[in-house]
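This report is addressed to a reader meeting the structure for the first time. It begins with the cysteines and then turns to the fold of one chain.

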Amino acid sequence: MKRIKVIYGINPHHNADVVDEMTVGQIRARYREVLQIQDGAVAIIGGEPVGDDYVTKDGDSVEFVKQAGKKGWLLGLLAINGRQPSYAP
Amino acid sequence: MNIKCIGIGGVGCLLISVLCRFLAFQSAGKQRISITLIDGDGFEPKNKERQSFKGQGNKAEVKEEELKEEFPQILLSSVPEFIDRFNIENIIKEGDIVFLMVDNHKTRKLVSEYCCRLRDIVLISGGCELTDGTVQVYVRSENQDRSFSLTHVHPEIESPADRSPAEMVSCDELSASSGPQLLFTNLTVAAFMLNAFYVIWIKQKPPYNEVYFDIMEAKTRVIEIKERREERKK
């Protein structure tokens, strides 16, 4: 068993106990829903991009890079569909 | 100092006014400041809650006239066109400082890839959704990358699914391509872009590769990026 951190956006770091030989791809799958990780988000460890087959080590911080801000496009689609975010004025 | 401001929308309007004020008085008489505003779009009244223009017309041209009156110390000019692969060589030159404030990844990719071929360039790119956003900083000097390009860890920019305004065929398509925005988020993007500019101006190096923020959480996160590591594979 080893302990790693999983980070996405400004979400709090998730300290995760993972089994040995767990890859970035397996971590991505495990945390996709809870952290709402977007498809295709690049993973970095220690600032260096790694592939999904990278095997994590004890103490690694795996950060999935959030997509770059575009300009309201995704939320625009929600608005078009009649769904406003609950915090919109 | 030659500055190019691409995209005079919600972020651009806020950034340019502050940038002009800073440069007009911080560097008065010390060096020649040239700022070129680039945007092919016209001001629409529906955007008045986030954008400030004194009159109707092309955004770059109207803003140029406004700023010329207020900051005669700065050499202002405008290009009333969307940037595209045909005009980019005439707009972005060696040694420029480029503020990229557009609403599509297709243009980000175009500008980033073009800047990667230059010898000396500073590219500061900002974008946001409704309440969160990103600022990326790409610096290249003496033919060496000092930080990573906009596409480096962003497949959504490397392979953009959208179209640039220059490729859109109708005003309706152009109008529908952008969703709701919040002035405060635009302001935060502008502030981070100017902060990056200031650090580069003072320290001659990029402050970071990328910063992500969320105004609902009042949190930011700097994403440090290095070269790809040798991978430990199964």
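## Cysteines and fold

B:Cys128 is buried, its relative accessible area being 1%. The model in which this residue appears is a predicted one. B:Cys128 takes part in no disulfide, for the nearest cysteine sulfur, that of B:Cys13, lies 13 Å away. B:Cys20 is likewise a buried residue, with a relative accessible area of 0%. The cysteine sulfur closest to that of B:Cys20 belongs to B:Cys5 at 7.3 Å, and this is too far for a bond. A disulfide is a covalent bond between the sulfur atoms of two cysteines. The cut-off applied here is a sulfur pair within 2.5 Å, and by this rule the count over all chains is zero disulfides.

The two cysteines discussed above are set out in the table.

| Cysteine | Relative accessible area | Closest cysteine sulfur and its distance |
|---|---|---|
| B:Cys20 | 0% | B:Cys5, 7.3 Å |
| B:Cys128 | 1% | B:Cys13, 13 Å |

The remainder of the report concerns chain A. Chain A contains two helices and five strands, and from the N terminus on these elements follow the order β-β-α-β-β-β-α. Of the 89 residues in chain A, 51% are buried. The area that chain A exposes is about 4,400 Å², of which carbon and sulfur atoms supply 49%. When contacts in chain A between residues at least 6 apart in sequence are considered, 48% of them join residues at least 24 apart.

How are the strands of chain A ordered in the sheet? The five strands form an open sheet with mixed pairing, in the order E2-E1-E5-E3-E4. At its edges are strand E2 (14-18) and strand E4 (48-50) of chain A, each of which pairs on one side only. From one strand to the next, the twist averages 35°. Strands of a sheet pair through backbone hydrogen bonds, either parallel or antiparallel. In chain A, strand E3 (residues 43-45) and strand E5 (residues 61-64) run antiparallel and are joined by three bridges. A:Ile44 has A:Glu63, in E5(A), as its bridge partner.

A helix also meets this sheet. Helix H1 of chain A, which spans residues 24-35, lies across strands E1 (2-8), E2, E3, E4 and E5 of chain A. Its direction is at about 135° to E2(A), which is one of the two edge strands.

Note on methods
Residues are numbered from 1 along each chain as its sequence is written. Chains are lettered from A and ligands numbered from 1 in the order in which they are written. This is a predicted model: local features need pLDDT of at least 70, side-chain atom pairs count only at pLDDT 80 or more; totals for chains, interfaces and linings use all residues. Side-chain values use heavy atoms; hydrogens and water are left out. Helices (H or I, at least four residues) and strands (E, at least two) are DSSP runs, numbered from the N terminus. Buried means under 20% relative accessible area, exposed over 50%, partly exposed in between (1.4 Å probe, protein chains only). Contact means heavy atoms within 4.5 Å. Accessible areas come from the Shrake-Rupley method with a 1.4 Å probe; for residues, only the protein chains shown count as cover. Two strands pair if DSSP finds at least two bridges between them. Axes are lines fitted to C-alpha atoms, for helices over the stretch in contact, and angles run from 0 to 180 degrees between N-to-C directions.
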